[in-house]
Amino acid sequence: MTVHPTAGRAEVSNATRIVVKVGSSSLTQRGRIDLERLRLLVDAISARRVEGTEVVLVSSGAIAAGLAPMGLRARPRDLATQQAAASVGQGLLMARYSDAFAAHGLRVGQVLLTVDDVTRRSHYRNAFRTFARLLELGVVPIVNENDTVATTEIRFGDNDRLAALTSHLVHADLLLLLSDVDGLYDGDPRKAGTSMVTEIRGAADLEPLAIGKTGASGVGTGGMQTKVEAAAIATEAGIPVVLTSAARVGEALRGDPVGTLFHPTGRRRKTRLLWLAHATSGQGILRLDEGAVKALTQRRASLLPAGISAVEGTFSAGDPVDMVSPTGVTIARGLVNYDSSELPALLGRSTRDLARELGAAYEREVVHRDDLVLL
């Protein structure tokens, strides 16, 4: 962990494809889009784009931009009103971006994503092709979650995670997370005696830090914790991350040592597995015996009915579920192939016996190893 500024960042200057994420609090004031802040962002992105770097912008702000036109004073709590505000605000936000980028001779394209678009293979391939073609045509893709149709159960939860998964989806070389603070601190930045942490090389560097859970503004959905979680998603996939304030976006994109640099900790992996590990919660619990725990952790095998001792919760086939050891430790999360109502009758039995008695459809795994991530 480093707490002193370093030289210019090669990870930034050498990047040929960058994902930039900006939050609501950095774009809006009192329920309206702040044109000065938006232009500062667009000017910096355009300067980097003119140099030949491809840039994808993940932008929050649709809900916040829709508040004032709808006569709302604060971000609504219920999903339906949030979706209504997003429906009104998304068009306003895109119009402002379109005008600002046009001043630099650049066109923009709107891309609204749902969880399915980055986790289901057919959707994923289509989304990748769309991004690739937009970038090939010189367009700046502007991404947001499709708030008007997303449900509570299938939302990304915040655009920090969306940005990390988008970085993976588009094969980005860098993720730039813009916040309302200028980096990651070793305590509350509003208090004396705290220092900015300029580099994070792994989870061990984060352990001594006090990371706040809420943002300073009332229009966003996440604070520093969600940004650190997003950085973990990207760095586990081999993508470096810079976290700094929106006011310093120009310096950040030039490769100046501003904010906090998160170094890659892993290599590229399937987006579905990144999503399972970081952007979902288990809809139910499968309690395993010791044999199943060893099969999953040591042999990287699929989970079969014979290794499950109990089922808890209500879930449907395709939902994420947690797999728990006999001592109560959650060891894995995966996409289950059965409804919760089907499983109790199958527990402890071999797939061969089940296929013989119930038919070939019951020879399948409860959770396939390709749909499972160890936690």
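1. Which residues of H5 are buried? In this predicted model, the buried residues of helix H5 are Gln 82, Gln 83, Ala 85, Ala 86, Gly 89, Gln 90, Leu 93, Met 94, Tyr 97, Ala 100 and Phe 101. It is worth finding these positions in the structure before reading on, as several of the points below return to this helix.

2. The length of H5 can be checked by a simple calculation. At 1.5 Å a residue, the 24 residues of H5 should span 34 Å, and because the C-alpha atoms at its ends are 33 Å apart, the expected and the modelled spans agree. The helix nevertheless has a kink of about 30 degrees, and this kink is centred on Gly 89, a residue that also appears among the buried positions of H5.

3. Another glycine of the same helix deserves a look, since Gly 91 also lies in H5. With a relative accessibility of 45%, Gly 91 counts as partly exposed, because that class covers values that are neither under 20% nor over 50%. Its C-alpha atom is separated by 9.1 Å from the C-alpha atom of Gly 66, although these two glycines are 25 residues apart along the chain.

4. A search of the whole structure for aromatic pairs finds two of them. One is formed by Tyr 97 and Phe 101, whose ring centres are 6.3 Å apart and whose planes make an angle of 35 degrees, and this pair is classed as tilted. Both residues belong to H5, which covers residues 79–102, and they are four residues apart, or about one turn of the helix. Tyr 97 is buried, and Phe 101 is buried too.

5. Aromatic rings also appear here together with a charged side chain, namely that of Arg 364. Arg 364 lies over the face of Tyr 338, at 3.8 Å from the centre of that ring, and the charged end of Arg 364 also sits over the ring of Tyr 362, at 5.9 Å from the ring centre.

6. Which residues touch the most other members of the largest nonpolar core? This core has 44 residues, and the ones that touch the most other members are Phe 131, Val 143, Leu 175, Leu 184 and Phe 262. The elements that give two or more residues to the core include strand S4 (54–59), strand S5 (108–113), helix H7 (121–136), helix H8 (159–169) and strand S7 (174–179), while helix H10 (224–236), strand S11 (241–245) and helix H12 (271–278) also belong to that list. H10 gives the most to this core, with six residues. Another core, which has 33 residues and includes Val 20, Ile 45, Leu 178 and Val 249, lies apart from it. In soluble globular proteins, nonpolar side chains tend to be buried together.

7. Strand S4 is mostly covered, as five of its six residues are buried. It runs parallel to strand S1, which covers residues 17–22, and six bridges join the two strands; within this pairing, Arg 17 stands opposite Glu 54 in S4. S4 also pairs in the parallel sense with strand S6, residues 140–145, over two bridges, and here Val 58 has Val 143 in S6 as its bridge partner. Val 143 was named above as one of the residues that touch the most other members of the largest nonpolar core.

8. Is strand S11 largely enclosed or largely open? Five of the five residues of S11 are buried, and therefore this strand is largely enclosed by the rest of the structure. S7 and S11 run parallel and are joined by five bridges, with Leu 177 standing opposite Leu 243 in S11. S11 also pairs with strand S12, residues 260–262, but in the antiparallel sense and over three bridges, and in that pairing the bridge partner of Val 242 is Leu 261 in S12.

9. Two backbone angles should be checked with some care. His 171 has a positive phi of about 60 degrees although it is not a glycine, and this residue is found in the loop between H8 and S7. His 171 counts as partly exposed because its relative accessibility is 40%. Arg 300, which is not a glycine either, has a positive phi of about 55 degrees and is found in the loop between helix H13 (290–297) and strand S14 (308–312). Arg 300 has a relative accessibility of 54%, and because exposed means over 50%, this residue counts as exposed.

Notes:
Residues numbered from 1 in each chain as written. Predicted model: local features only at pLDDT ≥ 70, side-chain atom pairs only at ≥ 80, totals over all residues. Heavy atoms only, no water. Phe/Tyr/Trp six-rings, centres within 6.5 Å; stacked < 30°, edge-to-face > 60°. Buried < 20%, exposed > 50% of the residue type's maximum accessible area, 1.4 Å probe, protein only. Lys NZ or Arg CZ within 6 Å of the ring centre and 35° of its normal. Core = buried A, V, L, I, M, F, W, Y, C linked by side-chain atoms within 4.5 Å. Expected span 1.5 Å × (residues − 1). Bend = angle between axes of the 7 residues up to and from the residue. Pairing = 2+ DSSP bridges.
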